[in-house]
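Me: I've got this model open and I'd like to talk through how a few of its helices sit together. Can you take it from here?

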Amino acid sequence: MLARVANNLFWMGRYIERSEHMARYLNVNYFSSLDAPNQLSQSRQFVLRSMLFMMGEPEYDDTVSLNEEEVLHKIGLNRELPFSIISNIKYARENANSARDLISTELYEAINKFYYFILNYPVDAFVKRGLYDFTVNITEMTAVLRGKIRGTLLHDEVYAIIMMGMNIERATQIIRIINAKYNDALKAQGSYGDKFSHSFEWTTLLKCAEAYDMMRRFYKKTPTSVTTLEFLILNPNCPRSIMNSLNQVYNHIRVLDSSKRYNKNSTAFLVGRVRAEYQYKFIEEIEGDIKKFINTLLKDLTEISQKMEKEFFNY
């Protein structure tokens with residue numbers, strides 16, 4: 001396989017995963033605010049600022065009044081911005097086109113259907129009344145794409161490369177969502193007696209990761225900062241957790257690098273080292289300085305991605 005084509009497969013997986021997490025963040029934050037127990041979390045300005053913060057375009061000036069339609073258009077259907085949902089889906093399709101002969105017809109058709117659904121979605125309908133329909137369709141279509149990837153491709157190097165991209169992106173998006181909701185929980189504390197550790201934002205965070213029901217089943221109590229972070233970061237059995245994503249990346253990278261020799265310069269060694277570090281962490285260590293943890297993990301994930309591209313996709 002050409003390194004260029006492998007790179008296309010890797011980024012196809014990343015863009016698919018990224019678009020799903022962005023869409024779900026919009027959906028959950030917008031509609032959860034309607035049931036929020038405190039006034040600040042119900043505020044539309046608070047929700048819009050949270051959306052922009054998660055996308056990496058924060059608005060720090062509290063005197064600025066954000067326009068809801070402009071913010072939704074910016075994140076969802078603005079073709080000029082590289083971080084918008086429509087741009088991510090466009091990039092996923094372009095990468096799929098470049099690796100067409102290595103993926104199944106069923107997967108390629110599903111990606112095209114996804115692309116044209118977004119391309120033809122009316123902007124006015126989306127920003128005025130279509131947020132729920134738009135975001136739910138994206139999360140459902142990305143689930144279909146994951147099913148096509150798992151169910152129609154040979155589980156060989158092609159599959160491993162796509163899944164490495166998806167799991168690295170999943171870990172990155174989950175830590176970005178944790179960062180955004182941690183920021184929201186800090187702002188919302190004290191509002192109507194809401195304490196940081198029992199903030200409503202931890203429930204929203206779990207719903208953003210589709211992990212709320214399983215977290216309640218696992219701990220059998222209302223989410224707190226400690227249980228939420230432990231579940232989404234350290235629990236290897238939670239499919240959305242950082243630990244699970246690192247395990248998946250490690251398993252798939254062994255398909256590409258099956259060498260048993262000790263090589264401290266390999267990507268497999270770096271993934272194994274990062275994975276081992278978090279495997280034996282206590283949540284109390286993380287909660288003590290969550291901002292430092294977030295920055296360190298984002299740095300580790302970036303380093304893994306860059307090393308992976310240099311070792312396997314350099315052309």
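Me: Which residues of helix 16 are buried?
Reply: Keep in mind that this is a predicted model. For helix 16, take buried to be under 20% relative accessible area. The buried residues are then Ile 290, Phe 293, Ile 294, Leu 297, Asp 300, Leu 301, Ile 304, Ser 305 and Met 308.

Me: And what do the buried residues of helix 16 pack against?
Reply: Those buried residues include Phe 293 and Leu 297. Their packing partners are helix 1, helix 9, helix 12, helix 13, helix 14 and helix 15.

Me: Is Gln 306 buried or exposed?
Reply: Gln 306 belongs to helix 16 too. The cut-off for exposed is over 50%. Gln 306 comes in at 53% relative accessibility, so it counts as exposed.

Me: How many Å separate the C-alpha atoms of Gln 306 and Thr 267?
Reply: Thr 267 is one of the helix 14 residues that meet helix 13. Along the chain, Gln 306 and Thr 267 are 39 residues apart. Their C-alpha atoms are separated by 9.2 Å.

Me: Are helix 13 and helix 14 roughly parallel or roughly antiparallel?
Reply: Their axes are 10 Å apart and the packing angle is about 155°. Angles over 145 degrees count as roughly antiparallel. Helix 13 and helix 14 are therefore roughly antiparallel.

Me: What kinds of residues make up the contact of helix 13 with helix 14?
Reply: From helix 13, Leu 246 and Ile 253 are among those taking part, and helix 14 brings residues including Val 271 and Tyr 278. Sorted by type, the contact residues come to nine nonpolar, four polar and two charged.

Definitions and conventions:
Residues numbered from 1 in each chain as written. Predicted model: local features only at pLDDT ≥ 70, side-chain atom pairs only at ≥ 80, totals over all residues. Heavy atoms only, no water. Axes fitted to C-alpha atoms, helices over the stretch in contact; angles between N-to-C directions. Helix = DSSP H or I, 4+ residues; strand = E, 2+ residues; numbered from the N terminus. Parallel < 35°, antiparallel > 145°, perpendicular 65-115°, else oblique. Contact = heavy atoms within 4.5 Å. Nonpolar A, V, L, I, M, F, W, Y, C, P; charged D, E, K, R; others polar. Buried < 20%, exposed > 50% of the residue type's maximum accessible area, 1.4 Å probe, protein only.
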